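Open the model in your viewer and keep the sequence panel beside it. The tour below says what to select at each stop and what is found there.

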Amino acid sequence: MRDLPALNIADIEKSFGAQCALDGVGFQVPQRGVFGLLGPNGAGKTTLLRMLNGITAPDRGSISFFGEPISREHLKSIGYLPEERGLYKSMRVGEQAMYFAQLRGMNKTDARSKLRHWFERLEVDGWWNKEVSEVSKGMAQKIQFILSVLHEPRLLILDEPLSGFDPINAQRVRDVIADLKAQGNTTILLSTHDMGSVEEMCDEVALLNHGKLVLHGAVPELREAARDGRVEVTFRDTVMEFTVALGASAELIRIEEEATVTGERRALLRLRDGTDQAEWLHWISGQVKLTSCALWQPGMREIFIQAVEHQGTDES
């Protein structure tokens, strides 16, 4: 029997006065794994995350949490790291951590034990008795991350979790996310502008823009669809020689004008519909000094930009 989705977001609409924040958004977040929620500023991501945390409600549509209509009763099963960081500066770190743990339904003994474990793992253990006002921004961010995972939530929502971290601490957080994914007990919803993190960690993504869903699917499938017949080649001819030889056999998308130290140039092409790649490669190799040919693999950054620009063109 197939698992129920962790989240079923169905035809959500939300407006603030004349401003439409979400316009008929709907998608499912599978159980387990890492799901990326993407979109430029103002796309509607924050509004949706606030709905998941009971801060606001949709004007229309519904959200299901593991098959049940989402409610405030589910908040103890959700971990949330908001983009807007904030701890009570006058409280001590350990005191505040215990307070938040108990808000999530943990008893003092379990909370203290798990906090000690997490503080040691993320190297916060020397700050237990310090006031938050003495803590650096990066250290405070690690503390908030710990508080979001401490109670072992079924759904973990991370909004720009790596923002502001140095490379070492960013990798520590990535390692924790990878471990949670491998354990399979937590579904992770990752909202980020960091496309490198999306490619590294996400299994599926949903892309919002202007309050609408413009892209949704598994990362490998989206990358393959966006490839759109493009190949990347390197050659040792001049740009003019290569362009003339190419003729109408393929669309030249871009070419590097300057040769490398080995005398090679790189070009991105799109083969014509119906072209047999092996036959074309055999033919072009007889026309130019081709040194390599590979299927072009677009990154999530290219896919992100392409989808947003395509929606803008459609709306125009």
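Select valine 231 and look across to strand S13, where leucine 269 stands opposite. Leucine 269 is also the bridge partner of leucine 252. The model is predicted, so local features are given where pLDDT is at least 70 and side-chain atom pairs at pLDDT 80 or more, while totals for chains, interfaces and linings use all residues. Residues are numbered from 1 along each chain as its sequence is written, and side-chain values use heavy atoms, with hydrogens and water left out.

**Strand S13 and its neighbours**

Now select residues 265-271, which make up S13. Helices (H or I, at least four residues) and strands (E, at least two) are DSSP runs, numbered from the N terminus. Two strands pair if DSSP finds at least two bridges between them. Strand S11, residues 230-235, runs antiparallel to S13 and is joined to it by 6 bridges. Add strand S12, residues 250-255: it is also antiparallel to S13, with 5 bridges.

How many of the 7 residues of S13 are buried? The count is 5, and the strand is mostly covered. Buried means under 20% relative accessible area, exposed over 50%, and partly exposed in between (1.4 Å probe, protein chains only).

**Salt bridges on the strands**

Next, show the charged side chains. The whole structure has 15 salt bridges, each defined as a side-chain nitrogen of Lys or Arg within 4 Å of a carboxyl oxygen of Asp or Glu.

Select arginine 266 and glutamate 232, whose side chains meet in a salt bridge at 3.9 Å, N to O. This pair links distant parts of the chain, with arginine 266 in S13 and glutamate 232 in S11, 34 residues apart. Arginine 266 is partly exposed at 37% relative accessible area, and glutamate 232 is partly exposed at 26%.

Move to glutamate 251 and arginine 270, which form a salt bridge at 2.7 Å, N to O. Here the link is between glutamate 251 in S12 and arginine 270 in S13, 19 residues apart. Glutamate 251 is partly exposed, with a relative accessible area of 32%. Add Asp228 to the selection: salt bridges that share partners join Asp228, Glu251 and Arg270 into one network.

**Helix H7**

Aspartate 228 follows H7 and has a positive phi, near 50 degrees. Step back from there into the helix and select arginine 227 and glutamate 224. They form a salt bridge, with the closest N and O atoms 3.5 Å apart. Both lie in H7 (residues 219-227), 3 residues apart, about one turn of the helix. An α-helix has 3.6 residues a turn, so residues three or four places apart point the same way.

Which of the two, arginine 227 or glutamate 224, is buried, and which is partly exposed? Arginine 227 counts as buried at 13% relative accessibility, whereas glutamate 224 is partly exposed at 41%.

Colour Val219, Leu222, Ala226 and Arg227, the buried residues of H7. They cover an arc of only 140 degrees around the axis, which puts them on the same side of H7; the arc is that of the directions from the helix axis to the C-beta atoms. Turn the helix over to find Pro220, Glu221 and Ala225, which are exposed on the other side.

**Aromatic rings**

The next selection is the rings. There are 6 aromatic pairs in the structure. Rings of Phe, Tyr and Trp (its six-membered ring) pair if their centres lie within 6.5 Å; planes under 30 degrees apart count as stacked, over 60 as edge-to-face and the rest as tilted.

Select phenylalanine 65 and phenylalanine 66. Their ring centres are 4.8 Å apart and their planes are at 80 degrees, so the pair is edge-to-face. Both residues are buried.

Then select tyrosine 88 and phenylalanine 100, a stacked pair with 6.2 Å from centre to centre and 5 degrees between the planes. Tyrosine 88 lies in the loop between strand S6 (78-81) and helix H2 (93-103), and phenylalanine 100 in helix H2, so the pair ties together parts that are 12 residues apart in sequence. Tyrosine 88 is partly exposed at 46% relative accessible area, and phenylalanine 100 is partly exposed at 26%. Add Tyr99 to see the cluster that ring pairs make of Tyr88, Tyr99 and Phe100.

**Charges over rings**

For the last stop, select arginine 154, which lies over the face of phenylalanine 66 at 3.7 Å from the ring centre. Then go to arginine 116, whose charged end sits over the ring of tryptophan 128, 4.2 Å from its centre. A charge sits over a ring if NZ of Lys or CZ of Arg is within 6 Å of the ring centre and within 35 degrees of the ring normal.
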